[in-house]
Amino acid sequence: MAAGMALAACSSAHQPPTTSSPTPTASPLPHAAVAGRGPQATIDVYRADGPADLSPTVRGDPALVYVPNSMSGTVDVISQRTFKIVRQFPTGALPQHVTPAWNLKTLYVDNDLGNSLTPINPRTGRPGRPIAVEDPYNLYFSPDGRFAIVVAERLQRLDFRDPRTMRLEHSLYIPQCRGIDHADFSPGGRYMFASCEFSGRMVEVDLRTQRVIRTLVLGNGLTSPQDVKLSPDGRVLYTADQQNGGLWEINPSSFRVIGFLHTGAGAHGLYPSRNARFMYVSNRAAGSVSVVSFRTRRVITTWQLPQPASPDMGGVSADGRTLWLSGRYNAVVYAIDTRTGRLRATIPVGNGPHGLCVWPQPGRYSLGHTGIMR
């Protein structure tokens, strides 16, 4: 998939001052997630994300891209084959992301100010009746399928809901996490790591107790953490910092910073390649995409989009050949060839396109709008 990538100048890592609240609790790497044999066996959290790993549940679903247009209050549906819009439908106010359900049978449009979720049937690409849910900026599912976790950003809460009915079961108020935003999970699925956009922090939540167990301040709080992704071996947790133009590297076991990697202005979205060798970083303010090696933790090349450009959130096609990103401030969607970095298409959409969903996706079940369970 990355045969066409050329090596480029890479950025060195450094460790700015950070603080972490003390706790005896660590995030172990469970034996069930280990691939290989012997003492050098390693974690492979993306072991079910290869191009051939489509669940039977989604194999009949058409290859489409669902684009929530926050300012227009609509979703545009794009054919991955023709790069053309095949459908548009209205949603509640301020749709932010499109999230697959844990069982992969429904997609949900997260209507933030509309206080609702719009379900989509991925077999037909058509919407259903909205479901009342308070402040759904984002949506994840616990790896065991027990909870739908609504990220209520404005209310500074994680709302744990029944994944089938969306009935509220428990609200976790997190006052130290202003702008709770994006998340990923530990390899064993017990812990959730979430970014705090407006307070420059990360929090770790124990999903068994539904409580915050650790808080990490990034760069003295003078940061704006966004998307969150775990490395394939489970030993580095990355969060994109749009204020400082790079990635914070965190040891998820000690919950302390181990480095910072410069990528580009407005670093925002993080997307692993299908072979789990690289991570694509959308630099929204720079109008570029950085390709980071998971092995070396360095930028190996950067793809510059034609200006003006504002690459934001998105995902990788099931075959791994196309990176789809919303152009947040340019009312377009970009389709980028992952072998060459060349722009395959620029598709005009509604205003304020944000967390689009590329469907279908490999994996056994869904974790959230940017990932399928590894």
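Which residues touch the most other members of the largest nonpolar core? The legends below begin with that view and then move along the chain; the model is a predicted one.

**Figure 1. The largest nonpolar core and its most connected members.** This core holds 19 residues, and Ile149, Leu158, Phe160 and Met192 are the ones that touch the most other members. Five elements each give two or more residues to the core: strand E13 (148-152), strand E14 (157-161), strand E16 (180-185), strand E17 (191-196) and strand E18 (201-206). Another core, of 17 residues, lies apart from this one, and its members include Val45, Met202, Val228 and Ile250.

**Figure 2. The surroundings of methionine 192.** Here we zoom in on one of the residues that touch the most other members of the largest core. Leaving aside residues up to four places away in sequence, methionine 192 touches Tyr140, Ile149, Leu158, Ala183, Asp184, Phe185, Val203, Glu204, Val205 and Leu207. Two of these names, Ile149 and Leu158, should be familiar from the previous view, as they too are among the residues that touch the most other core members.

**Figure 3. The disulfide between cysteine 177 and cysteine 196.** The two sulfur atoms sit 2.0 Å apart, S to S, in the disulfide that joins cysteine 177 to cysteine 196. The count for the model comes to one disulfide. Which hand does the disulfide of cysteine 177 and cysteine 196 have? The torsion about its S-S bond is about -105°, so the disulfide is left-handed. Cysteine 177 belongs to the loop between strand E15 (168-173) and E16, while cysteine 196 belongs to strand E17, so the pair ties together parts that are 19 residues apart in sequence. Are cysteine 177 and cysteine 196 buried or exposed? Both are buried.

**Figure 4. The hairpin of E14 and E15, with methionine 166 in its turn.** Five bridges pair E14 with E15 in the antiparallel sense. One pair of bridge partners is arginine 161 and, in E15, leucine 168. Six residues lie between the two strands of this hairpin, and methionine 166 in the turn has a positive phi of about 65°. Most residues other than glycine have a negative phi. Methionine 166 has a relative accessible area of 2%, under the 20% limit, so this loop residue counts as buried.

**Figure 5. Phenylalanine 255, a second residue with a positive phi.** Where does phenylalanine 255 lie? Its place is the loop between strand E22 (246-251) and strand E23 (256-262). The phi of phenylalanine 255 is near 55°, a positive value in a residue other than glycine. With a relative accessible area of 0%, phenylalanine 255 is buried.

**Figure 6. The open sheet E28-E29-E30-E31.** Four strands make up this open sheet, and their pairing is antiparallel. Which strands are at the edges of the sheet? They are strand E28 (311-316) and strand E31 (343-348), each of which pairs on one side only. From one strand to the next, the twist averages 20°. E28 and strand E29 (residues 322-327) run antiparallel and are joined by four bridges. Within this pairing, proline 311 has glycine 327 of E29 as its bridge partner.

**Figure 7. Two cis peptide bonds, each leading into a proline.** Most peptide bonds are trans. Glutamine 307 and proline 308, however, are joined by a cis peptide bond with omega about -5°. Proline 308 is in the loop between strand E27 (298-304) and E28. The peptide bond from tryptophan 359 to proline 360 is cis as well, with omega near 5°. Proline 360 sits in the loop between strand E32 (357-359) and strand E33 (366-368). Cysteine 357 has 4% relative accessibility and counts as buried.

**Figure 8. The whole chain, for orientation.** To close, here is the setting for the views above. How many helices and strands does the protein chain have? There are zero helices and 34 strands. Of its 374 residues, 63% count as buried. Among contacts between residues at least 6 apart in sequence, 48% join residues at least 24 apart. The accessible surface of the protein chain comes to about 14200 Å², and carbon and sulfur atoms account for 50% of that surface.

Terms used:
Residues numbered from 1 in each chain as written. Predicted model: local features only at pLDDT ≥ 70, side-chain atom pairs only at ≥ 80, totals over all residues. Heavy atoms only, no water. Core = buried A, V, L, I, M, F, W, Y, C linked by side-chain atoms within 4.5 Å. Buried < 20%, exposed > 50% of the residue type's maximum accessible area, 1.4 Å probe, protein only. Contact = heavy atoms within 4.5 Å. Areas by Shrake-Rupley, 256 points an atom, 1.4 Å probe, with all protein chains shown as cover. Disulfide = S-S within 2.5 Å. Pairing = 2+ DSSP bridges. Axes fitted to C-alpha atoms, helices over the stretch in contact; angles between N-to-C directions.
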